[in-house]
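Please examine the sequence and the structure shown here before reading on.

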Amino acid sequence: MVFIGGPRQVGKTTLAKYIGRENSMYLNWDNPIHRMKIIKLQFLSDSGILIFDEIHKYKKWKNYVKGIYDTYDKYKILVTGSARLNLYRKGEDSLQGRYHYYRLHPFSVAELPNTKRYFKPFSEIEFVDDSKIYKNFDELLVFGGFPEPFFDKDKQILRRWHNERVDRLIKEDIRDIEMIRDLSALQILVEILPDKVGSLLSLNNLRQDLEVAHKTISLWMDILEKFYFHYRIYPFRSSLIKSLRKEPKMFLWDWSRVENPGAKLENVVASHLLKFVHYYYDFLGYKTELHYLRDINGNEVDFIVISNKKPWFAVEVKTSDTKPSKNLKYFTRKLKIPYSYQLVYNKNIDIMQDNIRVMSVPKFLSGLV
């Protein structure tokens, strides 16, 4: 049994149908005809895969799915849904041991032309150099990785989609589950977070901006993170460096909302790396994590990917500076990081200097997933 949740609202249906191929039966809870078939257990006898979309909206969905799984050996089950699926799958009636859960991310550079490369941790990443990669990256940078605005490629549609997504998130998804009295203040928080991307996140500063208690702003940030509006990356802790212990950096799932060019570029790279480590954890089973590096002396590197608590590769993002960062060289030497990359927006860059590979952002992202 497989669960697919995450921030990418549209695309699960296509994915489900693709996985199911010809021997699948697709049932959407929002479709009245499908809903009756679900309730009455009316399944095609020759179906090998049952695909339930949005079934978490059914109050007794966990018992229902578990009953089918335990009773009908012939069926494989694929459950897809919105960001709330991750919340609804947790509860008193555990499905532990009966399913695998996958997080479906926004589109990525490697995913669009299907140039994904799979390799074991601590192997060197294999990259692709193709003109399509640069074109896809430029479009992703502007329109984000969510299907509707990306495929339409229309800035008016993008602006409307931003507004509608925030309204749906706050006034429907969050309101249905969380008890929040001041939704207007929460909406203000959503509007100011894009300006905080890439910097150390101070809850105290946010609390002062919104004039609320620290406990309140902490709760709101946790809720927005659960509903895939933003995510936080924490510093890597090692006995080899005097690292920071608490302050996270914050990024958005929809990087097209970020106005600052440098912050947006860093957000795109962060999202691709997060997708990379989630894939290696959810599907391949490797314990991979994404962190950033910063010590008490202020030395900082944007990202480091960890596997089994050991550094695999580090990434520093620059707008145009091709001279290897002194901080990247310092941490590479100090932590004995096998591979280190400095990424720049400029196209057709790929040079090796001081054990640092300086390369174009799109080419680097082509080697991920």
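The questions and answers below concern the make-up of the chain, one sheet and its packing.

This is a predicted model, in which local features need pLDDT of at least 70 and side-chain atom pairs count only at pLDDT 80 or more, while totals for chains, interfaces and linings use all residues. Residues are numbered from 1 along each chain as its sequence is written, and side-chain values use heavy atoms, with hydrogens and water left out.

Q: How many helices and strands are in the protein chain?
A: Helices (H or I, at least four residues) and strands (E, at least two) are DSSP runs, numbered from the N terminus. On this basis the protein chain has 13 helices and 13 strands.

Q: In what order do the six strands of the open sheet lie?
A: Two strands pair if DSSP finds at least two bridges between them. The pairing in this open sheet is mixed. Strand 8 and strand 12 (350–353) each have a single partner strand and so stand at the edges. The order is 8-9-10-11-13-12.

Q: Why is strand 9 largely enclosed by the rest of the structure?
A: Buried means under 20% relative accessible area, exposed over 50%, and partly exposed in between (1.4 Å probe, protein chains only). Strand 9 covers residues 300–307 and is largely enclosed because the buried ones among its eight residues number eight.

Q: Which residue of strand 9 stands opposite Leu290?
A: Strand 8 (residues 288–294) and strand 9 pair in the antiparallel sense over six bridges. They form a hairpin with five residues between them, and Gly298 in the turn has a positive phi of about 95 degrees. The residue opposite Leu290 is Val305.

Q: Which residue of strand 10 stands opposite Ser307?
A: Strand 9 and strand 10 (residues 310–317) run antiparallel and are joined by five bridges. Two residues lie between them in a hairpin, where Asn308 in the turn has a positive phi of about 50 degrees. Opposite Ser307 stands Lys310.

Q: Which helix gives the most residues to the largest nonpolar core?
A: A nonpolar core is a set of buried Ala, Val, Leu, Ile, Met, Phe, Trp, Tyr and Cys residues joined through side-chain atoms within 4.5 Å. The largest core has 93 residues, and Phe276 and Phe303 are among those that touch the most other members. Eleven residues come from the leading contributor, helix 11 (residues 261–282).

Q: What angle does the direction of helix 12 make with that of strand 9?
A: Axes are lines fitted to C-alpha atoms, for helices over the stretch in contact, and angles run from 0 to 180 degrees between N-to-C directions. Helix 12 (residues 326–335) packs on the sheet, and the angle is about 35 degrees.

How values were computed. Contact means heavy atoms within 4.5 Å.
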